[in-house]
Amino acid sequence: MNNLETLDNILLSNNVVDNFYNKYNSNKDFKNWLDGILPEVDKCEKQIQRNPWHKYNVLGHILHSVDEMNKQTQNLPANDRRLLSYTMFLHDMGKPVCHIERMKDGRLIDSFFGHNVESANVCDRVAHNLGFDGNEADKLRTLVYKHDIFMFIKDFPTDNPHWRRLDNNVIDEEIADLSQHGDGKQLMRYLVMIGRSDNLAQNEKMTKDSLAMLDKFDNMIDERDAMY
C-alpha cells in the first residue's frame with residue numbers, strides 16, 4: 001500500500017482522528033511524504049484557535065470535521081465520499097497563513113479572514129498529488145473555496161453588507177454558480193453537508209443556530225426541487 005492509499009484509508013475510516021495521529025506520529029515515511037506535499041499539516045497542528053467557536057487546534061478541527069463528514073456519506077458513491085472527505089481535510093489548511101490576533105468583546109481571539117482563498121490555493125497545488133485531476137480537482141477546489149459561505153447567510157433580517165438573508169434567491173444564485181463546476185443541485189447539497197460537518201467539529205455551545213439554519217437551507221432545497 002502506498003502513502004496515498006494509506007491516507008485514503010485513514011480519511012475514510014470510522015476513527016479519523018486517532019488513525020491519523022497514530023500513523024502520522026509513528027510512521028516516518030508516511031509523515032515525510034505528507035509533510036513534503038502538505039507542509040500545512042504541521043502548521044495546522046501548531047496553530048491554536050483561541051476563539052469561542054472552536055475547541056480544537058486547526059488540525060484537530062480538520063480531522064474531527066472529516067469524521068463528521070464520513071457519518072453523512074455512508075450511502076454515497078465511493079468517488080463522492082472521497083471527494084467530500086478530502087474537502088474537509090483541506091478546507092482549513094490555509095488558516096495558519098491568515099492568522100491574526102484581535103480584540104473582540106474585550107478578549108483576545110484568533111481570527112483567520114480569507115482562509116478559504118488560501119485553502120483553495122492549497123487545493124490547486126496538491127490536488128494532483130492526492131489523486132484528483134480535471135473536473136474532480138475543480139470540484140474539490142470549488143467546495144473548499146465555498147465551504148464557509150454559511151457564515152455569511154443569516155436566517156433573520158440584517159443590514160450587514162457582508163451577510164445575505166436566507167431565501168430562495170440565495171439558493172438559486174449558489175446553484176447557478178456551482179453549475180459551472182458540475183451538477184449544481186448536487187454540489188449545493190454537498191455544501192450543506194460540508195457546513196454541517198464544519199459546525200459539528202466546533203464548540204457545540206456556539207453552533208445550535210447555525211445547524212438549525214443549515215437544516216432549513218436543506219429543507220428549502222427540497223421545496224425548491226418539488227416546485228420544478
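Let's start with a contact between side chains: Lys-55 and Glu-204 meet in a salt bridge, with N and O 2.6 Å apart. The two partners come from distant parts of the chain, 149 residues apart, with Lys-55 in the loop between helix 4 (40-46) and helix 5 (58-72) and Glu-204 in the loop between helix 11 (184-200) and helix 12 (208-227). Helices here are DSSP runs of H or I with at least four residues, strands are runs of E with at least two, and both are numbered from the N terminus. A salt bridge means a side-chain nitrogen of Lys or Arg within 4 Å of a carboxyl oxygen of Asp or Glu. Lys-55 is partly exposed at 43% relative accessible area, while Glu-204 is exposed at 51%. Those words have cut-offs: buried is under 20% relative accessible area, exposed is over 50%, and partly exposed is in between (1.4 Å probe, protein chains only).

Before going on, a word on what you're looking at: this is a predicted model, in which local features need pLDDT of at least 70 and side-chain atom pairs count only at pLDDT 80 or more, while totals for chains, interfaces and linings use all residues. Residues are numbered from 1 along each chain as its sequence is written, and side-chain values use heavy atoms, leaving out hydrogens and water.

Back to the charges. The salt-bridge count comes to 21. Another one pairs Arg-196 with Asp-218, at 3.6 Å from N to O. This pair also links distant parts of the chain, helix 11 for Arg-196 and helix 12 for Asp-218, 22 residues apart. Arg-196 counts as buried at 15% relative accessibility, whereas Asp-218 is partly exposed at 22%. For a contact within one helix, try Asp-35 and Lys-31, whose closest N and O atoms are 2.7 Å apart. They sit four residues apart in helix 3 (residues 28-37), so about one helical turn separates them. Lys-31 is partly exposed, with a relative accessible area of 27%. Elsewhere, salt bridges link Lys-146, Arg-164, Glu-173, Glu-174 and Asp-177 in a network.

Now for the rings. The whole structure holds eight aromatic pairs, meaning rings of Phe, Tyr or Trp (its six-membered ring) with centres within 6.5 Å; planes under 30 degrees apart count as stacked, over 60 as edge-to-face and the rest as tilted. Phe-20 and Phe-89 make a tilted pair, 6.1 Å centre to centre with 55° between the planes. Phe-20 belongs to helix 2 (residues 16-26) and Phe-89 to helix 6 (residues 78-90), so the pair ties together parts 69 residues apart in sequence. Phe-20 is buried at 0% relative accessibility, and Phe-89 is buried with a relative accessible area of 0%. Both belong to one aromatic cluster with Tyr-21, Tyr-24, Tyr-86 and Phe-132.

Phe-132 has a charged partner too: the charged end of Arg-82 sits over its ring, 4.5 Å from the centre. To qualify, NZ of Lys or CZ of Arg must be within 6 Å of the ring centre and within 35 degrees of the ring normal. Lys-154 does likewise over Trp-163, 4.6 Å from the ring centre.

Finally, the strands. Strand 1 (residues 100-104) runs antiparallel to strand 2 (residues 107-111), and five bridges join them; pairing takes at least two bridges found by DSSP. Arg-102 has Ile-109 in strand 2 as its bridge partner. The two strands form a hairpin with two residues between them, and Asp-105 in the turn has a positive phi of about 55°.
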